[in-house]
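Visitor: Could you take one helix and walk me slowly through it and what sits around it? I'd like the geometry spelled out, and then a look at the rings and empty spaces elsewhere.

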Amino acid sequence: MRLNTRQLFAIVLFLCILLIALQPVNDPDFWWHLRTGQFIAETGQIPRTDPFSYTMQGQPWIAHEWLTDWILYAVYRLVGLPFLMLLFALIITAAFATVYFRCSSGTKPYIAGFCVLLGAVASRPLWGVRPQMITLLFFGIFLLLLEKFQKSRQRKYLIPLPILMVIWVNLHGAFILGLALLGVFLAGELVEWLWRRFRCKEIAPGDAIPMITLAVTLIISVLAALINPNGVKILLYPFQTLTDPSMQQFILEWHSPAFSDVIWLPLMIILLGLIGTGLAARQRYSVTRVLLILAFTYAALGSARHVPLFAIVVIPTLADQVNALLPIKVRQGNSKPIMVLLNWVILIMFVAAVGLRFIQQSGIQDKTTADHYPQGAVNWILENKPTGRMLNSYNWGGYLIWQLYREYQVYIDGRADVYGPGFFAQYADIYLAEKDWQTRLEEQKIGFVLIDPASRLAEGLSQLPGWKLVYQDKLSVIYQAAQ
């Protein structure tokens with residue numbers, strides 16, 4: 001089999017993204033996802049009320065990621081954490097493969113490849129073994145199919161969308177993005193149709209067919225989204241999440257990207273490149289593309305969480321504009337035997353690098369977990385069985401659910417939609433040792449506190465009569481109330 005340089009470049013591009021995506025499991029929410037998957041696997045039921053915290057015990061909980069949680073636990077039981085890391089690295093790579101396939105043929109492979117890689121690097125801070133990566137893939141597939149329909153007007157590209165929606169709605173609450181994309185494409189078609197009618201006064205009978213087709217697909221997709229354990233409630237869930245002030249206030253990835261931080265330099269390059277090449281190249285785009293770029297640029301600047309979606313949307317446009325300014329003439333691949341052999345050697349080297357990276361990252365998984373989560377404190381709790389309710393650090397809540405559920409319930413964890421803004425504010429007061437925090441500990445009958453030693457709460461407990469330091473290491477401390 002002959003492997004030319006163009007083919008090699010495209011394959012190496014995806015191997016590079018895979019290399020970047022291979023990183024140990026380190027998302028604080030991963031652990032409660034894993035426990036939820038175990039709960040579903042063992043009980044055969046999807047939780048509808050909170051089973052993990054005593055503060056929200058029995059309160060309604062829409063487990064919108066239930067299918068992802070079950071898959072996480074199933075893969076974990078079969079092959080362990082390293083292969084979960086590999087699975088999600090492949091999902092991320094596939095998501096950016098959809099971006100490459102959306103790039104114009106004239107930009108491939110080199111300009112498109114470098115732009116896709118830039119988009120991947122800009123998105124990397126948000127990657128991990130987390131359900132959002134599945135949304136990234138589905139989002140990319142929806143965009144790919146909708147753009148193919150827009151160019152070809154062939155309905156076959158829209159047929160898979162409602163089917164994909166049935167799967168997506170049970171994997172992650174951001175399924176609403178698929179419906180939003182359909183809405184944007186429909187709006188773009190409508191604006192262009194109205195503009196043609198305004199200018200020409202005459203409209204061909206078939207001009208409205210794409211709009212009608214998109215509208216029907218949108219309606220069917222909305223109905224498809226109702227095929228989930230929570231029914232129509234799931235349609236409201238994403239809006240409740242987006243309007244929850246506790247998300248914006250307490251969860252860092254919902255904050256705007258801090259461009260003073262070097263990790264956001266690739267994002268800045270994309271933004272400046274998009275503006276600069278756009279002004280210079282003076283390309284004309286459809287209303288739909290302009291709407292998408294504006295909407296997701298606004299979303300990315302408002303919340304770092306949306307940066308990967310921004311990259312998925314804008315990279316093909318950036319590649320087009322760069323190509324208009326700096327066109328690269330691509331020769332046919334060299335078919336000389338020595339070049340074919342060299343290409344295969346390079347490919348094998350990159351495949352080997354991926355294998356070595358996988359082994360290396362798998363080898364540091366235990367250390368990564370130990371460096372970020374209170375393993376020693378958990379062992380102390382399991383051995384000594386302290387009485388009373390536990391108050392814990394927010395960032396450790398998911399890990400404690402995984403390690404201690406059934407023996408102990410947590411005070412708080414990463415499920416912000418369960419706790420709500422009022423409870424987050426109450427927790428912040430206690431954690432920061434403000435506003436009668438001692439009284440709140442007494443009122444809530446807290447028996448012991450597992451917290452980071454540098455926190456104000458730890459400092460306050462060290463000076464509070466009736467509380468005793470019973471465990472300490474570099475990462476965590478446990479204070480226990482007098483019996």
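Guide: Let's start with a bit of bookkeeping: the expected span of a helix is 1.5 Å times one less than its number of residues. Keep in mind too that this is a predicted model. Now take helix α2, residues 30–43. With 14 residues at 1.5 Å a residue, α2 should span 20 Å, and its end C-alpha atoms are indeed 20 Å apart, so the two figures agree. Just past the helix, G44 takes a positive phi of about 70 degrees.

Next, how does α2 sit in the fold? Of its 14 residues, 11 are buried, so the helix is largely enclosed by the rest of the structure. The cut-off for buried here is under 20% relative accessible area. The buried residues are F30, W31, W32, H33, L34, R35, T36, G37, Q38, F39 and I40. An α-helix has 3.6 residues a turn, so residues three or four places apart point the same way. In α2, though, the buried residues run from F30 through to I40.

What does the covering? The elements over those buried residues include α3 (66–79), α4 (81–102), α16 (365–372) and α18 (397–404). You can zoom in on α16 through T369, which is found in that helix. T369 is buried, with a relative accessible area of 6%. Setting aside neighbours within four places in sequence, T369 is in contact with W31, Q375 and Y399. Of those partners, W31 is one of the buried residues of α2.

Helix α4, another part of the cover, also brings us to the rings. The count of aromatic pairs comes to 26. One of them joins F14 and Y100: the centres are 5.6 Å apart and the planes stand at 85 degrees, so the pair is edge-to-face. F14 lies in helix α1 (residues 5–21) and Y100 in helix α4, so this pair ties together parts that are 86 residues apart in sequence. Both F14 and Y100 are buried. For contrast in geometry, look at Y411 and Y427, whose ring centres are 6.2 Å apart with planes at 40 degrees, so that pair is tilted. Y411 lies in the loop between α18 and α19, and Y427 in helix α19, so the link spans 16 residues in sequence. Y411 and Y427 are buried as well. They also belong to a cluster linked by ring pairs, along with Y54, Y394, Y419, F423, F424 and Y431.

Helix α19 is a handy bridge to the empty space. Along with α10 (233–242), α19 (416–431) supplies at least two residues of the lining of the second largest pocket. That pocket holds about 300 Å³ of space. Its lining has 14 residues, with P60, W61, I62, Y237 and Q240 nearest the centre. The largest share, 5 residues, comes from α10. By class, the lining splits into 7 nonpolar, 3 polar and 4 charged residues.

Finally, the closed space. A search of the whole structure finds 1 cavity of 30 Å³ or more, with a volume of about 40 Å³. It is lined by R102, E147, R289, L292, I293, V313, P316 and T317. The elements giving two or more residues to that lining are α13 (287–302) and α14 (307–325). The cavity lining has 4 nonpolar, 1 polar and 3 charged residues.

Definitions and conventions
Residues numbered from 1 in each chain as written. Predicted model: local features only at pLDDT ≥ 70, side-chain atom pairs only at ≥ 80, totals over all residues. Heavy atoms only, no water. 1 Å grid on protein atoms, 1.4 Å probe; cavity = no way out; pocket = protein on both sides within 12 Å on 5 of 7 lines; lining within 4 Å. Points joined across faces, edges and corners; volume = space filled by probe spheres on them. Helix = DSSP H or I, 4+ residues; strand = E, 2+ residues; numbered from the N terminus. Nonpolar A, V, L, I, M, F, W, Y, C, P; charged D, E, K, R; others polar. Buried < 20%, exposed > 50% of the residue type's maximum accessible area, 1.4 Å probe, protein only. Contact = heavy atoms within 4.5 Å. Phe/Tyr/Trp six-rings, centres within 6.5 Å; stacked < 30°, edge-to-face > 60°.
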